[in-house]
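Me: I have a new structure open at my bench and would like to go through it with you. Please start with how its elements are named, and then I will ask away.

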Amino acid sequence: MDAAYRKGELRFSAHSARLCSRPFALSPHMSTTCVIGLLWGDEGKGKIVDLFAEKADYVVRYGGGHNAGHTLIHEGETLVLHLIPSAILHSEVTNVIGGGVVIDPFHLRDELGELAGKGIQVELGRNLLLAETCHLILPLHRSLDQLSEQQRGQDRIGTTGRGIGPAYADRASRIGLRLGDLLRPERLRPALRKIYDNKAPLFTESDIDLPSADQLADELIAIGEQLAPGIVDAGHRLRQAQSAGRKLLLEGAQGVLLDVDHGTYPFVTSSNSSTGGIASGTGLPPASLDSVAGIVKAYSTRVGQGPFPSELSGEQAEALRKAGNEYGSTTGRPRRCGWFDAVALRYAVQVSGTTEIVLTNLDVLAGLGPLKIATSYEIPGRGPIEGFPAFDLDLVEPRYEEMAGIPGDISEIRSYEKLPDEARQYVEAIEGMAGAPVSLISVGPGRDQVIHRGSAR
Ligand code: IMP
């Protein structure tokens, strides 16, 4: 590989070679690890959290809501979790929904019901804890999300329509309701009426039929009674667990490029989905994170609107979508597909403090012919640009490095040395450009379809 570093272009450098050869960070003595999506979500975090959870005592969601969709394979059946942490299949792990998560109580009730229907043991207060400070998504937030998308028309964000943005907006406006309010009817009823009064003008010209504040309060109080054994001071429990040396695995939702501050604003979600959201979303101190496993697919995808520099169109996009079954697990929308983007990756690795990379869906590229990796951006007429820009991303054109296609089927391979040369060259090019080592490669949806590269896990 060319060791030169050209201005504005990512190349394998002596610095990244040093990074890649240092000991892997996810070792058993590490007590607090985060698993995070590096680009626009849908990187396959569910499977990786499920895998890492074997060595965890606690698995904790810290942000987002049921806009997320984490797919697991359980006894040959596909299981999609939206709100409940991905370690729920490990009955000895304590799953925690941290205070940074927004909860639609009706959805949570239904997701719990679905798990019970599949025979999956969820015991509130034992293997599932819910932070009392989680803000609530109410039916009016869902309606407002949909109304606001309609009003934006061509400029719509392409949200999941689940009320995430309006619920976080009410949190910031300090009128939101929290999970603990469900246990306090005397507080809940007047607070709910206040929110209704506050929002009424927004619905005057719509034909949306909302439940009355009193009817909704009754339903929420009933759900609160069901959830009560699980509603706790989760921050306190997590800090105690950490002091006692328990292993904590923090489960990111969405991805770094959907972070409200560091993503492709305004085409982002409404929370700090990168590692910045961990301290506020859990109550753990900021310095307590030992390692960050950044998950990235071997190609890029995005759902919803917003710039996507390495996006493909036509037959090439369709071939990738078909090979990777790239349809949203929350909304079923076809995902936009494109070449691997090393510029975006390097930015996300730096912003999130990723210490090692998990590369997923490498098997999907096998047999698809020659590959490309975006190594730098330029704006026509303005020349090359440094890094990943906060503005004008829709104007950039990537420069690509061509890579040999990966032959055959690699989904049954379990050792790095046995991968075809072309696959290893692809992986090593990515890690050189990312500035962090690739420690684990996923070559299929099954739990065992992984290739370890030196990581202790
Ligand atoms: P919201 O989070 O529903 O407000 O949607 C904002 C943006 O984030 C939209 O582009 C969604 O498609 C995207 N988004 C939200 N959650 C996910 C996810 O779990 N995976 C991928 N994209 C997501």
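Reply: Happy to help! Helices are DSSP runs of H or I with at least four residues, strands are DSSP runs of E with at least two, and the numbering starts from the N terminus. Please keep in mind that this is a predicted model. With those names in hand, look just after α8: G245 has a positive phi there, of about 80°.

Me: Which residues of helix α8 are buried, and what arc do they cover around the axis?

Reply: Helix α8 spans residues 234–243, and its buried residues are A234, G235, L238, A241 and Q242. They sit on the same side of α8, because around the axis they cover an arc of only 130°.

Me: Let's turn to the empty space inside. What is the volume of the largest cavity?

Reply: Counting from 30 Å³ upwards, the structure holds 2 cavities. The largest cavity has a volume of about 50 Å³.

Me: Which element gives the most to the lining of the largest cavity?

Reply: The lining consists of K47, D50, T71, L72, I73, P445 and R447, which by class makes 3 nonpolar, 1 polar and 3 charged residues. Two elements, α2 (45–52) and β3 (70–74), each supply at least two of the lining residues. With 3 residues, the element that gives the most is β3.

Me: Which side chains along β3 are buried, and which are not?

Reply: In a regular strand, side chains alternate between the two faces of the sheet. Along β3, H70, L72 and H74 point to one face and are buried. Pointing to the other face, and not buried, are T71 and I73.

Me: What is the bridge partner of L72 in β4?

Reply: Strand β4 (residues 77–81) runs antiparallel to β3, and 5 bridges join the two. They form a hairpin with 2 residues between them, and E75 in the turn has a positive phi of about 45°. In β4, L72 has as its bridge partner L79.

Me: Which strands stand at the edges of the open sheet?

Reply: This open sheet has 10 strands with mixed pairing, in the order β9-β7-β5-β2-β10-β1-β11-β15-β19-β20. Two of them have a single partner strand each, so one side of each is left without a neighbour in the sheet: β9 (231–232) and β20 (450–452).

Me: What are the bridge partners of N95 in the strands that pair with β5?

Reply: Strand β2 (residues 58–61) pairs with β5 in the parallel sense over 4 bridges, and strand β7 (residues 128–131) pairs with β5 in the parallel sense over 3 bridges. Both faces of β5 (residues 94–97) are covered, with T94 and V96 buried on one side and N95 and I97 buried on the other. In β2, N95 is the bridge partner of V59; in β7, its bridge partner is L128.

Me: What is the bridge partner of I357 in β19?

Reply: Strand β15 (residues 356–360) and strand β19 (residues 438–442) pair over 3 bridges in the parallel sense. Within that pairing, the partner of I357 in β19 is V438.

Me: Which lining residues are closest to the centre of the second largest pocket?

Reply: About 300 Å³ of space lies in the second largest pocket. It is lined by 16 residues, and these divide into 10 nonpolar, 3 polar and 3 charged. The closest to its centre are G263, T264, Y265, A390 and F391.

Note on methods. Residues numbered from 1 in each chain as written. Predicted model: local features only at pLDDT ≥ 70, side-chain atom pairs only at ≥ 80, totals over all residues. Heavy atoms only, no water. Buried < 20%, exposed > 50% of the residue type's maximum accessible area, 1.4 Å probe, protein only. Arc of directions from axis to C-beta. 1 Å grid on protein atoms, 1.4 Å probe; cavity = no way out; pocket = protein on both sides within 12 Å on 5 of 7 lines; lining within 4 Å. Points joined across faces, edges and corners; volume = space filled by probe spheres on them. Nonpolar A, V, L, I, M, F, W, Y, C, P; charged D, E, K, R; others polar. Pairing = 2+ DSSP bridges.
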